[in-house]
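Let's take a walk through this structure together. Please have the viewer open, so that you can turn to each place as it comes up.

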Amino acid sequence: MQFRHLRYFVKVVEAGSFSRAAAAIHVAQPALSQQVGELEERLGFVLLDRSSRGVRPTAAGEIVFREASEILRQLEQLPGIVRSSSGEVEGIVNFGITIALAGGIAGSAVAACKKALPKVTLKFSDGESDELQDRIEAQTLDMALVFEDHFVPNFSRHPIFRQRLYLVAREPLAGCRGVVSLEQVAKLPLVLPPLPRHRRVVIDRAFAEAGLTPNIIAETAGLSELSAVRSGVGYSIYNAGTFANVYPGAFAEPLLIEPPIFLTCSLVSSSDFPLTHAGEAVKSVLIRFVEDEIAKNTRPGAELIR
């Protein structure tokens, strides 16, 4: 078995077809099929279900894809690990930032990492916290800054701050100045993210603990949620400050909810696959950067976890 067998197999699974994979890596399709066939013969398992619509991994193929992806990732990191052991940190680090934070800090966070670690190649992406955690489990991300509600054992984590949630509205809510009760919020038409999003889980629990039934009129996520509030369809329970970079001036002053509802911002990575030397260095820079930002009181409703 050779590394190219694994590399070609991973590319075919990612592309969903031999033809697309062949075009992406500039290898003739018959040669690509031959390499995957050799891998199946060596392992003694059929790894791909082939059809006119493309290919998808079998149960055995899923295992090989996961393990091969990690082997190739480690191979890619090896030169940087060796060079870093005797000098300046080098390597490739894939990290993500939840959309709820990305608009405000992503650019500055990347700049801070590049300044501190000029020889580290950063591959950055954003997304919903749940999606980023799924990508860490799939080993396509090394780490991510996410908002969490409950802590699961398959991640290593460094909790950084608690984020209080606010009521977001297009127009000021009559009779409320800075604060709104959860009982009042339950009566409003709400647009919330669907389950099992972390924010929805913690919101539902807050209502249940208070013995309240919220008036949820729609479920959506991300910018669609804010667009619905902006159009006047309803209200949402969100991270204050998140939307200011997207729709400046489009919303009323966010209202604190009493009793408070919190999410925890953590930097998470896989508990099964330790970070490389470069990954650990990027992790340290990101944690210091976020702690400094929160200490400046630049994010409403954020409290550092000491």
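The paragraphs below go from the whole chain to a few chosen places in it.

Keep in mind from the start that this is a predicted model. The chain has 306 residues, and 48% of them count as buried. Its secondary structure comes to ten helices and 13 strands. If you lay the C-alpha trace along its principal axes, it spans about 70 × 50 × 35 Å. The chain exposes about 14,900 Å², with carbon and sulfur atoms supplying 53% of that area. How are contacts spread along the sequence, taking those between residues at least 6 apart? Of these contacts, 75% join residues at least 24 apart.

Let's start near the beginning of the chain, with helix α1, residues 3-15. How far apart should the ends of its 13 residues be? At 1.5 Å a residue the helix should span 18 Å, and because its end C-alpha atoms are indeed 18 Å apart, expectation and model agree. Several residues of α1 are buried: His5, Leu6, Tyr8, Phe9, Val10, Val12 and Val13. Just after the helix comes Gly16, with a positive phi of about 85°.

Phe3 also belongs to α1, but its surroundings deserve a separate look. With a relative accessibility of 43%, Phe3 lies between the 20% and 50% cut-offs, so it counts as partly exposed. Together with Ile71, Leu75 and Leu78, Phe3 makes a nonpolar surface patch of about 320 Å². Which helix gives the most to this patch? That is α4, residues 59-85, which contributes three residues.

Next, please move to helix α6, residues 129-137, where you will find Gln133. Is this polar side chain's residue buried or exposed? Gln133 has a relative accessible area of 6%, under the 20% cut-off, and therefore counts as buried. Its side chain makes a polar contact with the side chain of His198, at 2.9 Å. Leaving aside residues up to four places away in sequence, Gln133 touches Val146, Glu148, Phe155, His198 and Val268.

Asp134 lies in α6 as well. At 48% relative accessibility, Asp134 falls short of the 50% needed for exposed, so it is classed as partly exposed. Asp134 and Glu303 are 169 residues apart along the chain, and their C-alpha atoms are separated by 26 Å.

Now for some backbone details. Most residues other than glycine have a negative phi, and most peptide bonds are trans. Gln139 is not a glycine, yet it has a positive phi of about 65°. You can find Gln139 in the loop between α6 and β5, the strand of residues 143-148. Gln139 is buried, because its relative accessible area is 9% and the cut-off is 20%.

Where do cis peptide bonds turn up? One is the bond from Leu195 to Pro196, with omega near 10°. Pro196 sits in the loop between β8 (189-192) and α8 (198-209). Another cis bond runs from Glu258 to Pro259, where omega is near 0°. Pro259 has its place in the loop between β11 (255-258) and β12 (262-270).

Definitions and conventions
Residues numbered from 1 in each chain as written. Predicted model: local features only at pLDDT ≥ 70, side-chain atom pairs only at ≥ 80, totals over all residues. Heavy atoms only, no water. Helix = DSSP H or I, 4+ residues; strand = E, 2+ residues; numbered from the N terminus. Expected span 1.5 Å × (residues − 1). Buried < 20%, exposed > 50% of the residue type's maximum accessible area, 1.4 Å probe, protein only. Patch = residues over 30% accessible without salt bridge, like charges linked within 9 Å, V, L, I, M, F, W, Y side chains within 5 Å. Areas by Shrake-Rupley, 256 points an atom, 1.4 Å probe, with all protein chains shown as cover. Salt bridge = Lys/Arg side-chain N within 4 Å of Asp/Glu carboxyl O. Polar contact = N/O pair within 3.5 Å; in protein donor to acceptor, adjacent residues only side chain to side chain. Contact = heavy atoms within 4.5 Å.
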